[in-house]
Amino acid sequence: MEVIRPEALATLSRWRESAFAVALGAFGLWLAGRGGWVFGPLGLAIAAAGAAFLILALRRARFRQNSIGPGLVELDESQITYFGPTGGGAVSLRELVELRLLARSGRRFWRLKQADGQALLVPIDATGAERLFDAFSALPGMDSQTLVAALAPVGGAVSGGLPAPATDTLGPVIWHRAARRALT
């Protein structure tokens with residue numbers, strides 16, 4: 001017998017970091033309300049940390065999708081590996097030069113292009129794809145707001161999913177590595 005419906009459990013799981021950040025901020029404000037030379041500044045510092053963590057947690061929650069897509073994504077020592085039912089591959093974050101979203105056959109994919117021209121397509125809803133937020137955020141010059149905005153629902157999206165256009169489209173560049181200059 002299930003006490004909590006799977007859909008409700010998935011929603012709670014998606015927003016758990018945000019709930020923790022709110023609780024941390026509330027605890028900090030409560031502690032600051034105790035007053036004094038120690039509890040006042042300490043509580044305000046904890047509340048500020050909770051607010052900063054809340055901003056990051058909200059971005060992660062918007063980035064996280066339902067894990068219903070094909071395949072598995074692993075992130076290990078700055079290498080993204082995708083194991084799919086019909087293929088897969090690996091991309092090193094150091095060799096990554098371009099990040100885009102691609103729509104193909106009604107699905108959306110991350111298109112990770114390496115310096116040698118090879119590209120890896122990773123479904124945005126593959127199991128473990130939520131780990132990519134931290135990996136992409138660590139790229140030099142990446143704006144996390146742009147990253148989250150790229151996943152905004154396209155026309156007619158239903159809650160909990162991001163359907164892609166029926167036609168194959170290559171979205172705009174989300175991130176591009178600046179050209180490396182050779183020493184002369």
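Here is a short back-and-forth about the reasons behind some labels in this predicted model.

User: Let's start with the overall layout. What makes up the chain, and in which order?

Analyst: The protein chain has five helices and seven strands. Reading from the N terminus, the elements go α-α-α-β-β-β-β-β-β-α-α-β.

User: Why is Trp110 called buried?

Analyst: Buried means under 20% relative accessible area. Trp110 has 1% relative accessibility, so Trp110 counts as buried.

User: And why does Phe136 get its label, buried or exposed?

Analyst: Phe136 comes out at 0% relative accessibility, and the cut-off for buried is under 20%, so Phe136 is buried.

User: What makes Trp110 and Phe136 an aromatic pair, and what kind is it?

Analyst: Ring centres have to lie within 6.5 Å, and planes over 60 degrees apart count as edge-to-face. For Trp110 and Phe136 the centres are 5.2 Å apart and the planes make 70°, so the two rings pair edge-to-face. Trp110 sits in strand 5 and Phe136 in helix 4, so the pair ties together parts that are 26 residues apart in sequence.

User: What else does Phe136 touch?

Analyst: Skipping residues up to four places away in sequence, Phe136 touches Phe63, Ile80, Leu99, Trp110, Leu112, Met142 and Leu147. Several of these names come back in the largest nonpolar core, which has 27 residues: Leu99, Trp110, Leu112, Leu132, Phe136 and Leu147 have the most contacts inside it. Helix 4 gives the most to this core, with four residues.

User: How do you know that strand 5 is mostly covered?

Analyst: Six of the eight residues in strand 5 (residues 107–114) are buried.

User: What makes strand 5 a partner of strand 4 and of strand 6?

Analyst: Pairing takes at least two bridges between the strands. Strand 4 (residues 96–104) and strand 5 have eight bridges, so they pair, in the antiparallel sense. One partnership there is Leu96 with Gln114. Strand 5 and strand 6 (residues 119–123) are joined by five bridges, so they pair too, again running antiparallel. Here Lys113 stands opposite Ala119.

User: What do the turns of those hairpins look like?

Analyst: Between strand 4 and strand 5 there are two residues, and Ser105 takes a positive phi near 55°. Between strand 5 and strand 6 there are four residues, and Gly117 in the turn has a positive phi of about 95°.

User: Now the helices at the other end. What makes Phe20 and Phe53 edge-to-face?

Analyst: Their centres are 5.9 Å apart and their planes 80° apart; the limits are within 6.5 Å and over 60 degrees, so this pair is edge-to-face. Phe20 is in helix 2 (residues 16–33) and Phe53 in helix 3 (residues 36–63), 33 residues apart.

User: Why is Phe53 called partly exposed?

Analyst: Partly exposed lies between the 20% and 50% cut-offs. Phe53 has 25% relative accessibility, so partly exposed is the label.

User: What does the UniProt record list around there?

Analyst: The unreviewed UniProt entry lists residues 15–32 and 38–58 as "transmembrane region". In the model, residues 15–32 are 94% helix and 0% strand, with end C-alpha atoms 26 Å apart. Residues 38–58 are 100% helix and 0% strand, and the end C-alpha atoms lie 30 Å apart.

User: Last one: why is Glu74 called partly exposed, and what is it in contact with?

Analyst: Glu74, in strand 1 (residues 72–76), has 37% relative accessibility; that falls between 20% and 50%, so Glu74 is partly exposed. Leaving aside neighbours within four places in sequence, Glu74 contacts Gln79, Ile80, Thr81, Phe83 and Arg131.

How values were computed:
Residues are numbered from 1 along each chain as its sequence is written. This is a predicted model: local features need pLDDT of at least 70, side-chain atom pairs count only at pLDDT 80 or more; totals for chains, interfaces and linings use all residues. Side-chain values use heavy atoms; hydrogens and water are left out. Buried means under 20% relative accessible area, exposed over 50%, partly exposed in between (1.4 Å probe, protein chains only). A nonpolar core is a set of buried Ala, Val, Leu, Ile, Met, Phe, Trp, Tyr and Cys residues joined through side-chain atoms within 4.5 Å. Contact means heavy atoms within 4.5 Å. UniProt positions are given in the numbering used here, feature names are shortened, and annotations may be inferred rather than shown by experiment. Rings of Phe, Tyr and Trp (its six-membered ring) pair if their centres lie within 6.5 Å; planes under 30 degrees apart count as stacked, over 60 as edge-to-face and the rest as tilted.
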